[in-house]
Structures are given as structure tokens and as C-alpha cells.
Amino acid sequence: MTILALLLTALLFGGMALYSFGFAAFVLRALPEETARTLIRRAFPHFYLFVLGTSGLAAVCAAFADLLSMAILAVIALTTLYARQSLMPTINAATDAGHSKRFKLLHLGSVMITLAHIAGAAWALIRLGVIL
């Protein structure tokens, strides 16, 4: 189970880093602004499902190896559920209503959550790697 927890956490870390620093950044630079925003908006629910599912499975597997890693991964899953079900619709509503200040503040919160998730996954990955 430790190896599976390690692999799932590595997938989580890599997937979040690639989406955040690769895909989203590339799309925003490569496509016209309106097209890029539409694509990112459509991709985010799938990204959050990936993070939720992967972190949840990794947490279950990590429970057999390291309780702190399990807790970190469970917090990632729970806060992703909040981000997907509450924060993302609020951000979209602010965008649709043309409330740019509110959008910027909410978007900053979303970015901070994602960076915390990446850092948490890295921490769990290191802990699980040391156990092996």
C-alpha cells in the first residue's frame, strides 16, 4: 500500500504542477483571451475531480504507511471539494457579473489553495518516499 500511496501522490503532485504551471499558463498565452478563458473554465471542473479522486485514493493508501501524509492528502481532498463546489461557482458568477475586483480576490484565493495543495502533495510525497 505504501508504494501505491507514493505513486498516487506523485501523480497528484505532477498533475497539479503540470496543469497549473504548464497547461493553464500555455493556454492563456497561446489563445485569444476569450477563447482561453472559456477553455480554462471548462477544464477546471475536470482538474478538480482529478485532484479530489487522486488525493482521496492516496489518503486511503497512505493511512497504512504514514498518518501525517494521510491527513495532508485528506485535507487536499476536502479543500478541493470546497474549491470545486463553492469557490469555482462563485468565481464564475463574479466573472459573469463583471465584478473584476471580486473575481481577482476570489481567483487569488483559488491560486493560493492550489499552491498549498502542490506544497502539501510534495510534503506527503517526500514523507512517503522516505518510508520506502
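Valine 111 is partly exposed in this predicted model, because its relative accessible area comes to 31%, and buried would require a value under 20%. This valine sits in helix α4, and together with Phe21, Leu108, Met112 and Leu115 it makes up a nonpolar patch on the surface, for which the accessible area adds up to about 460 Å². Helix α4, running over residues 100–131, supplies the largest share of that patch, namely four residues.

Let me turn now to the aromatic side chains, where a search of the whole structure returns six aromatic pairs. One of them joins tyrosine 19 and phenylalanine 23, whose ring centres are 5.2 Å apart and whose planes meet at 35°, so the pair is classed as tilted, since only planes under 30 degrees apart would count as stacked. Both residues belong to helix α1, residues 2–30, and because they are four residues apart there, about one helical turn separates them. As for their surroundings, tyrosine 19 counts as buried at 11% relative accessibility, whereas phenylalanine 23, at 31%, counts as partly exposed.

Tyrosine 19 also pairs with phenylalanine 47, and here the arrangement is stacked, with 4.2 Å from centre to centre and 15° between the planes. This second pair links distant parts of the chain, given that tyrosine 19 lies in helix α1 and phenylalanine 47 in helix α2, residues 33–62, with their positions 28 residues apart. Phenylalanine 47 is buried, as is tyrosine 19.

Which aromatic cluster do these residues belong to? Tyr19, Phe23 and Phe47 are joined by Phe44 and Tyr48 in one aromatic cluster.

Definitions and conventions: Residues numbered from 1 in each chain as written. Predicted model: local features only at pLDDT ≥ 70, side-chain atom pairs only at ≥ 80, totals over all residues. Heavy atoms only, no water. Patch = residues over 30% accessible without salt bridge, like charges linked within 9 Å, V, L, I, M, F, W, Y side chains within 5 Å. Areas by Shrake-Rupley, 256 points an atom, 1.4 Å probe, with all protein chains shown as cover. Salt bridge = Lys/Arg side-chain N within 4 Å of Asp/Glu carboxyl O. Helix = DSSP H or I, 4+ residues; strand = E, 2+ residues; numbered from the N terminus. Buried < 20%, exposed > 50% of the residue type's maximum accessible area, 1.4 Å probe, protein only. Phe/Tyr/Trp six-rings, centres within 6.5 Å; stacked < 30°, edge-to-face > 60°.
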